[in-house]
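Hi,

Here is the structure I promised to pass on. Have a look, and my notes follow underneath.

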Amino acid sequence: MALEGRVVVLTGAGVSAESGVRTFRDNDGLWEDQRVEDVATPEAWIRDPTMVWRFYQARRNQLLEVDPNPAHFALAELESKAESFTLITQNVDDLHERGGNSSVIHMHGRLRSLRCEETGRSEVRMERGDLGADFVTCNCCSNGSRMRPDIVWFGEIPMELESIYREVENCDVFIVIGSSGHVYPAAGLVNLANSCGARSILVNFELPINGRDFDEVHIGKAGEILPSLVDVWFDS
Ligand code: APR
């Protein structure tokens, strides 16, 4: 069935899995060998900043080694073909941008930037000296304050929520790709889209916890099935 009208896509870790970026909740996921509370909460940053810093520096360094996969490229093609297109991602990597999508809403933050603990301002900090074991200081304070990962941790409010709700409320088609449906508010956006009359579509490796909320479900690897789905959506 052709895709018409305003398309909003929400992606999760599954879309980057085929690039070699670990997901969170699969068998080999990040939370298998790490407790969320130890590295992804404001409390963890206060209790043991060195451990949190090490965890995110490893992930920031990994950005230099991974590349977009066919799922990212298919989403760039979808953007070029859709009448109206918005991409919301829970992912903190930069693979959508590098895959060719022009504007991406990173609701859970970004690995490429760091945030000043004093002013809350973000700066892209990916130079060699920004990627080591030492903490990084900001350019916005005269004395250079310590920076924290520019990540939305558990217990914090996702970024750009107002525009996310507006986009989802007004879309005609809502597509979720590679997300386990465990983390709110992202997991509830399908229900908002449904209640506003959108057609909802899921592409995921397995049926997630909220899989029954979708009108249409495609099970498989995003990098394998998304390119042909985009062809079908626009050739029909
Ligand atoms: N193609 C499609 N789906 C895949 C693939 C793939 N190649 N590989 C894995 N998946 C699916 C898994 O089956 C799983 O349902 O992607 C989903 C990934 O789920 P999670 O690891 O829970 O990732 P996500 O839903 O993005 O997590 C949400 O949780 O820890 C926080 O802030 C973090 O943004 C993250 C949020």
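One definition before the ligand: a polar contact here is a pair of N or O atoms within 3.5 Å; within protein, one must be able to donate a hydrogen and the other to accept it, and residues adjacent in sequence count only if both atoms are side-chain atoms. Please keep in mind that this is a predicted model, where local features need pLDDT of at least 70, side-chain atom pairs count only at pLDDT 80 or more, and totals for chains, interfaces and linings use all residues. Numbering starts from 1 along each chain as its sequence is written, and side-chain values use heavy atoms, with hydrogens and water left out.

So, what sits around the ligand? 23 residues surround it (a heavy atom within 4 Å), and the closest are Glu-18, Phe-24, Arg-25, Ser-179 and Ser-180. A ligand oxygen is 3.4 Å from a polar backbone atom of Gly-178. For Phe-24, a polar backbone atom is 2.7 Å from a ligand oxygen. Glu-206 uses its side chain instead: an N or O atom there is 3.1 Å from an oxygen of the ligand.

Now two loop oddities. The peptide bond from Tyr-184 to Pro-185 is cis, with omega near 10°. Pro-185 lies in the loop between β7 (173-177) and α8 (189-195), with helices being DSSP runs of H or I, at least four residues, and strands E runs of at least two, numbered from the N terminus. Glu-160 has a positive phi of about 55° although it is not a glycine, and its place is in the loop between β6 (147-151) and α7 (161-169).

Cheers
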